[in-house]
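Biologist: Please take me slowly through one part of this structure, and then set that part in its surroundings. I would like each term defined where it is used.

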Amino acid sequence: MISLIVVLPFLSALLMGVVYLSNTQKKRNTFYTLVGVGTPAVSAVLSLMAGAELLQGAQTIHYTLFQWVNIGEFNIEVAFMADRLSVVMVAFITVIGTLIHIYAAGYMKEDAAYGKFFAYFNLFMGSMLLLVLADNPIMMFVGWELVGLSSYLLIGFYHHDSANITAANKAFILNRVGDFGFIMAISLLFVSLEGNGFTFDSIEANIGLINHEMLALIGTLLFVGAMGKSAQIPLYVWLPDAMAGPTPVSALIHAATMVTAGVYMVARYSFLYGEIPNIGLFIASVGAASALFAALIASYQSDIKKILAYSTMSQLGYMFIAVGLGAYSSGIFHVFTHAFFKALLFMGAGAVIIALHHEQNIFKMGGLKKELKLVYITMFVATLAISGIPPFAGFFSKDAILVAAFASEHYFIWGVGSLTAMLTAFYMFRLLFLVFHAAPKSTHRLHSVPNSMTYPLVILACGSATAGFLGLNEAYGGGSWFNTFLALPDVSHHIPHATEYMLGGLNVILGVLGMGLAYKMFAKEATEVKADTLFKKILMNKFYIDELYDFLIIKPLLFTSHFIAKVIDPKIFDGFINLNVWGYTATATLFSKLQNGKVRYYALYILAGVSAMSCYMLFKLGVL
Amino acid sequence: MMQHILTFIIFIPLFTAIVLGIMRASTKSLKIGAMFSSVITLFLVAVVAYNFNPDIGMQFTKNLPWIQNAGISYIIGVDYLSLVILLLIGLLMPPLYIYMYHEERKGYWYNMMLLQTGVTGAVLSLDLVLFYLFWETMLLPIFVMIGKYGNGMHQYNSMKILLMTILGSMSMLFSILYIGYIYFETTGMWSFALSDLAIIAFEPKTSIWLAAGFLLAFAIKIPLVGFHTWMAPAYGSAPTPAVVILSAIMAKLGIYGIWRFGYGLFESTLSYYAPTIIVLALIGLIYYAIRAITENNLRKMFAYSSGSHLSLIALGLFLTNIYAWSGSLYFIATHALASAGMFLMIGLTYKRFNTVHISDLGGIASKAPIFTFFFAFFALSIAGLPGTGGFVAELLIIIGAFKADFWIGVLTATTMLSAMMYIFWMLQRTLFGAANKECQYSDLTLREITILLPLVVLLLVTGIVPSLFIPLFEPQLTTTLQDVLFVIGGLK
């Protein structure tokens, strides 16, 4: 059964792809909608059934589809594993995925390549589910790469504009840089454990065979993979550009699911990271830096989708703080709640963009509160959730992470996290106020927004409001059900409830502060930010990281390539060969000049030869 | 029948060509004849593969004395290694002939048939002189096809490939003759059969020179860095069917030669050369890829791409462990499929737009979606995307490299990055962007899809279910490797 969860989306992608290519002109929207939206729905039902089985106390479900490779000790099967962690992941991926598919049916309905879109979208679902349900690191890597491919295809979906393809290339290439680390890590893991099997279970059982330095290296390289996929410093630059894709893509891939794969991966390898807490601290630091960095940039952006993209990167930073410090359940819990409110925010943004005829600049929006009432209310809920205002979902998950940082005495990381929380509230309410409250900027009639785009918002808003209660901890009167169910090897620190209330209270205060600041600055009148100070200029140019990459990597590569083409190949390698050719020709010319058929020359040669021989003989005899 | 089946596979194309030539056949009957011969050979190859026993070594062998005074015999046979290449030749010829459907120049067809006999013979020969004969035979049609039917500076380029390849062949011939002489010195008889010569224990110093003779020929054929300047011009000038054979089959024969004759005759000497070749291969992997980034001619870009991947295959071979070896052999097959597909797509691009220069292309995706799919599919399978066979092969080689040495592993893993550097930018400029060119954007026809679809299916099957193919070669590959390691280890 669990293999069907993965296989069905792949099959439907294949089916839709073939049907689409067989006649690209023909409109078959009903067929594509049925297959495209139906398949994730079926996967969702199957995932929930698997989840129910585990809830009733079933052990981890394993299922082997077929053998993949069997060479030497390298015995890899296409096999799936539904344990508690992966079941939680697939459950929310398929459920939210289905909602976004329904939304996409409305968002994309006028697009000529509707069928292609759903083929790609289902390809993504299959790949993501493969990544999560994989029973061994190799299959996980296959899924990992395939989500990168689907992301590439979907970012470049509007391929007539070359800029979108540049964005798609950037995403794929930076992800592949991460994958470069990932594949080295799993190769090293395999080589170090050769002969002990290579499923997650057997790796966990034999992890003690690997020495500490090697574990640290493997852990670091795995995290390089996560940096690429989950857009952390320094491999994050692709994520903002990835917003070139259609908005449902941003919601599903670049907010709710694919980008959280890195967090999932660290949690999946929790048995490994548990052995190397110093690498964990490094992960947490990268996460904290990315969280703050992205929040700062987000506060100065004006494109609605890019703000949300930076916000995603910032929230992913929180998740890495959690998993880095060993609070795996809290990290996954934030992945879970974040999926609801971030998907909702993107989908709401998509509705706004459609209504405003593809306007994305928040300074050119305003006053949509009345016209898009449902969108406004749901987005307001999501904004409260992401800003960490109780009782909405984000408060509990973010609070758990900050408490973990505080309790493990990483006060600096905790401080950065709290500061970021305030910034989050600030830039999110800035967006909300500018779009819905500020005075309208244009008098165009709004484009209608179909129901299939608004109803999923309502469901997600309910989720954003209530999902937090699943993970309510003791201090707030709950039983940490989410964490208990996951049963991950968390590093736990005990702190008094009073401290927890204090930290929670501080978060709320910071959140309200950010919200108030945003209200004061943007709710009534606002002008677009200008790059008047150096600080603003740096922030608005995103710290010039793109330019840095260009200068450090792309330019030198192109230069080397030209240098090989213009100098090394023709001058050195061919030069050597042509030198031989020239030597050959020159010798031939010389000989043909000597052999000129004139007797007096030949007589001269004879004379020269005889003299030389005579000299030699005389020399030998000792006369000379 | 069964004991002559390999002989039939080798000579049916040549025989067809001779008969048609004597009959002065019309172009139409020439086309039918060539197609017919390729289908029959494919069928016979399938029979061989079906009856192939993966647990024993050489099979379907045939040993006939030929020039007895000099100990030269006609010995052919097939084992796990030659079977892979034999299957590729069998599978690729019919699609190539379908591709050449509109080709009216008779010489083209004759040369292709001669070429098929040449490559098949080279891969099945187990006598060194016989091997040399076929090795030279396959060069001739390539020389003619580039020189006569090529484009650009085709005559200069065909001369260049001829001279550079012959330089290698000559050194190999010298080694072959000298080995035969040593055999005569030790046993008092002449023989050039691989199985006889394999038992000679060479003096280390002699062995180093003899191996060098072979390695030079194979290094030029692959080509390793430094021996490569014939490659891009030849690929750039050659007509598409010749490029496909060059990249999919002939370059692999360089690897095959080292595998069969290098490891068959001088295992321990190869371990003396291994560090040098590993370094050259690692340089090649990265060097060619970087060179490809700014290449504007698609044919040349994928010539460099081919060089980069063949360096990887050579690397895997010299790492001598089970993962690297399996990866290399698997890569021989999957890279042949992917590069054949890619060069066919480039040929189809040329047919449509009359150019293979990236700067003259663009915007194909919005006009010709099926064309775009196939083009992108082959390009991505060259980049080693999971789900295609190349990924399995590259993964195995990377694992083998890490097993050998950490830093070799790191450098080998750059293959994840190297192909990507040129492929994605190329796709962007070739397929995407605005369709503002004035040429005719026509999508693939049914005939063209028929050529390409089998390659796509095979790449997917080799990528998704490699376990269908691995048992064909794994047992004997393991045995051979153990023998090689035993000899190398025994000497240390």
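Modeller: Two strands are said to pair if DSSP finds at least two bridges between them; strands themselves are DSSP runs of E of at least two residues, helices are runs of H or I of at least four residues, and both are numbered from the N terminus. This is a predicted model, in which local features need pLDDT of at least 70 and side-chain atom pairs count only at pLDDT 80 or more, while totals for chains, interfaces and linings use all residues. Residues are numbered from 1 along each chain as its sequence is written, and chains are lettered from A and ligands numbered from 1 in the order in which they are written.

The part I would choose is the strand pair of chain A. Here β1(A) and β2(A), the latter made of residues 74–82, run antiparallel and are joined by nine bridges. One of the pairings sets Asn70(A) against Asn75(A) in β2(A). The two strands form a hairpin with two residues between them, and Gly72(A) in the turn has a positive phi of about 55°.

Chain B offers a hairpin to set beside it. Its strands β1(B), residues 59–67, and β2(B) are antiparallel and linked by six bridges, with Leu64(B) standing opposite Tyr74(B) of β2(B). Four residues lie between these strands, and in that turn Gly71(B) has a positive phi of about 70°. Strand β2(B), residues 72–78, is mostly covered, since five of its seven residues are buried; a residue is called buried if 20 or more other C-beta atoms, placed from the backbone, lie within 10 Å of its own, exposed if 12 or fewer do, and partly exposed in between.

The hairpin of chain A also leads to the interface, which takes 44 residues from chain A and 42 residues from chain B, where contact means that the C-beta atoms of two residues, placed from the backbone, lie within 7 Å. On the side of chain A, the elements that give two or more residues are β1(A), spanning 61–71, together with α5 (137–155), α6 (162–192) and α23 (545–594). Of these, α6(A) gives the most, with 16 residues. By residue type, this side of chain A divides into 25 nonpolar, 14 polar and five charged, counting Ala, Val, Leu, Ile, Met, Phe, Trp, Tyr, Cys and Pro as nonpolar, Asp, Glu, Lys and Arg as charged, and the others, Gly among them, as polar. For the complex the predictor gives an ipTM of 0.93 and a pTM of 0.93; the mean pLDDT of chain B is 91, with 98% of its residues at 70 or more, pLDDT being the predictor's confidence in each residue, from 0 to 100.

As for the wider surroundings, chain A has 24 helices and two strands, and its C-alpha trace spans about 120 × 65 × 55 Å along its principal axes. Of its 624 residues, 54% count as buried, and among its contacts between residues at least 6 apart in sequence, 80% join residues at least 24 apart.

Among the helices, α21(A), residues 497–522, has 26 residues and should span 38 Å at 1.5 Å a residue, which agrees with the 37 Å between its end C-alpha atoms; the expected span is 1.5 Å times one less than the number of residues. Its buried residues, including Leu503(A), Asn507(A), Leu510(A) and Phe522(A), pack against α17 (393–407) and α18 (411–437) of chain A.

The loop between α20 (481–486) and α21 of chain A holds Asp490(A), which counts as buried because 20 C-beta neighbours lie inside 10 Å. Beyond its neighbours within four places in sequence, Asp490(A) is in contact with Gly326(A), Ala327(A), Tyr328(A), Ser329(A) and Asn483(A). That loop between α20 and α21 also contains Ala487(A), whose phi is near 55°, a positive value in a residue other than glycine; Ala487(A) is exposed, because 11 other C-beta atoms lie within 10 Å.

Two cis peptide bonds complete the tour. In chain A, the bond from Ile233(A) to Pro234(A) is cis, with omega near 0°, and Pro234(A) sits in the loop between α8 (212–229) and α9 (238–241). In chain B, a cis bond joins Ile222(B) and Pro223(B), with omega about -15°, and Pro223(B) is in the loop between α9 (204–221) and α10 (231–237).
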